[in-house]
Amino acid sequence: MPEDQTTEIARDTVVAASVGEQPAALPAVVPELDLRQIKEYARVKRWCHLSGIALSLAYWIAWVSLAAGFVTWLDNGIDNRWIGLFVAALVMVGGHIVVGLPLDYYSGFVVERRFDLSNQTPWSWLVFQVKTWLVGGILAVILLGGLYGALWYGGAAWGVYVWIGMMVLSIVLAKLFPLVILPLFYPAKPLDSPTLVERLTAMARGVGMTVTGVYNLALSKDTKKANAMLAGLGSTRRVYLSDTLVGAFGEDQIAVVFAHELGHHIRRHILKMIALSAVVSSILVALIWWRLNPFTGSGVAWVGAVAAFAQVMLIATLYPLVIGPATNAVSRRFERQADRLALDLTNDPPAYRSAFDLLTRMNLADPDPPRWEEILFDDHPAMNKRIALADEWEQSRSLRGPVGTCEHTSIPQ
Ligand SMILES: [Zn+2]
């Protein structure tokens, strides 16, 4: 099943930059820029990522050929379609987790430790994974129950119900993410710097945004990387700055990161991503409909429908790879818009550059990934391009007039 698009766009790593001024007093945790190390980290993570995709595809292709025999065998001992469905799905999805576990451990723990990015122990890594499986398991039960409930009892329009259900679920998840899901993984507390909060709140007011809070998110228990995001919908919308970011960044750099998040708000990117996911998920549902529709209705034997779950999972694995270049292009465009607005709102290119320089070094972000990788997988522009955007912005400002003519009210809605 696809990841929730809304939280995906909200989970917004502002990765970029390089040159530019350094803040006066950097904590010792921020490493010097080491391009050789950054490229090596990118290379190892790239191979982990591609290996993971290959492994998933091979796993689900194997199940497509094995599923009919396996589910027929299950049918000998199980005479309830729901029990048959959940047992089959548990074996297949559970097997996928087990098969992928060594690679997950290597990529998520060993490599992160080797490059001195992780603060986890093997135990805390495992606890994090178990939490992920529990949250994923609850969502999987809802999705699987909804999908097959619609197939067996929804009549001819079952596919429409599945699509509506997926959209409702993604909106509910986006709304609840800051309240229910995020706290399971990371504690957050209101940012405790009254002057900074006042500065950021004033910026938000200036663009007509009501933020229910600016939060300090305790990422440092797991990682040395810095991150920021805009999460939630409506009354739950809030801005999160990781404690790693707050500890290393000066107020001007934090203002740039915050302004970038405001940029997403000004351009209504969360709503636009929900609209995009409505289109993207309608194609996915059509593909699933194509494989499951022969098994509509509760009068049909359940073996065929349950065996087709392997095909559904293969589609759900392949589809993001096929649609990724399009959705990533939209996301990178939104990021560029938010970057421009961050410059408009702060009018401070040196802080913009130094903020992105810090993020680059703290996260070992590749400044110049291969073009194919950017097209296939990256939802943020490459660092060098984001720097070029600051240069471009300065040039266009010098054409527009002296500093100070750029008022917040001139920002396009
Ligand atoms: Zn962003």
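A residue counts as exposed if 12 or fewer other C-beta atoms lie within 10 Å of its own, as buried if there are 20 or more, and as partly exposed in between. With that in hand, welcome to a short tour of this predicted model.

**Figure 1. The whole chain at a glance.** The protein is built from 14 helices and four strands. Of its 413 residues, 33% count as buried. Among contacts with a separation of 6 or more, 81% link residues 24 or more positions apart.

**Figure 2. Helix α14, with a buried face and an exposed side.** On one side of α14, Ala388, Asp391, Gln395, Ser396, Ser398 and Leu399 are exposed. On the other side, Met383, Arg386, Ile387, Leu389 and Ala390 are buried. Looking down the helix axis, these buried residues fall within an arc of 150°, so they line one face of α14. Their cover includes α11 and α12. The length of α14 (residues 383-400) also fits expectation: 18 residues at 1.5 Å each should span 26 Å, and the end C-alpha atoms are 26 Å apart.

**Figure 3. Helix α5 and its bend.** Here the picture changes. Helix α5 covers residues 158-185, and a straight helix of 28 residues would span 40 Å at 1.5 Å a residue, yet the end C-alpha atoms of α5 are only 35 Å apart. At phenylalanine 177 the helix bends by about 75°, and proline 178 follows within four residues. Both Phe177 and Pro178 are buried, and the buried residues of α5 also include Trp158, Gly159, Val162, Trp163, Met166, Ser170, Ala174 and Leu182.

**Figure 4. The β3-β4 hairpin.** Strands β3 (residues 228-231) and β4 (residues 238-242) pair in the antiparallel sense over four bridges. Six residues lie between the two strands of this hairpin, and in the turn glycine 232 has a positive phi of about 90°. Alanine 228 stands opposite leucine 241 of β4. In a regular strand, side chains alternate between the two faces of the sheet. In β3, Ala228 and Leu230 point one way, Met229 and Ala231 point the other way, and all of them are buried.

**Figure 5. How β1 and β2 join in.** Strand β2 (residues 214-217) runs antiparallel to β1 (residues 188-190), and three bridges join them. Lysine 189 stands opposite asparagine 216 in this pairing. With β4, by contrast, β2 pairs in the parallel sense, over four bridges. One place to look for that pairing is tyrosine 215, whose bridge partner in β4 is tyrosine 240.

**Figure 6. The largest nonpolar core and a second one.** The largest nonpolar core holds 53 residues, and Tyr240, Leu241 and Ala355 have the most contacts inside it. Helix α8 (residues 251-266) supplies the largest share of this core, eight residues. Apart from this core lies another, of 30 residues, including Leu85, Trp158, Val303 and Ala305.

**Figure 7. A close-up of leucine 241.** Which residues is leucine 241 in contact with, leaving aside its neighbours within four places in sequence? They are Leu191, Val214, Asn216, Leu217, Ala228, Val246, Ile254 and Val257. Ala228 is also the residue that stands opposite leucine 241 across the hairpin strands.

**Figure 8. Aspartate 79, between two helices.** Aspartate 79 sits in the loop between α2 (35-77) and α3 (81-114). Is aspartate 79 buried or exposed? Aspartate 79 has 9 other C-beta atoms within 10 Å, and a residue with 12 or fewer is exposed, so aspartate 79 is exposed. Its C-alpha atom is separated by 9.5 Å from that of tryptophan 302, although the two residues are 223 apart along the chain.

**Figure 9. Two loop residues with positive phi.** Arginine 268 lies in the loop between α8 and α9 (269-292), and its phi is near 55°, a positive value in a residue other than glycine. With 13 C-beta neighbours inside 10 Å, arginine 268 counts as partly exposed. Asparagine 347 lies in the loop between α11 (309-346) and α12 (349-363). Phi of asparagine 347 is near 55° and positive, again in a residue other than glycine. Asparagine 347 has 17 C-beta neighbours inside 10 Å and counts as partly exposed.

Technical notes. Residues numbered from 1 in each chain as written. Predicted model: local features only at pLDDT ≥ 70, side-chain atom pairs only at ≥ 80, totals over all residues. Expected span 1.5 Å × (residues − 1). Bend = angle between axes of the 7 residues up to and from the residue. Core = buried A, V, L, I, M, F, W, Y, C linked by C-beta atoms within 7 Å. Contact = placed C-beta atoms within 7 Å. Pairing = 2+ DSSP bridges. Arc of directions from axis to C-beta.
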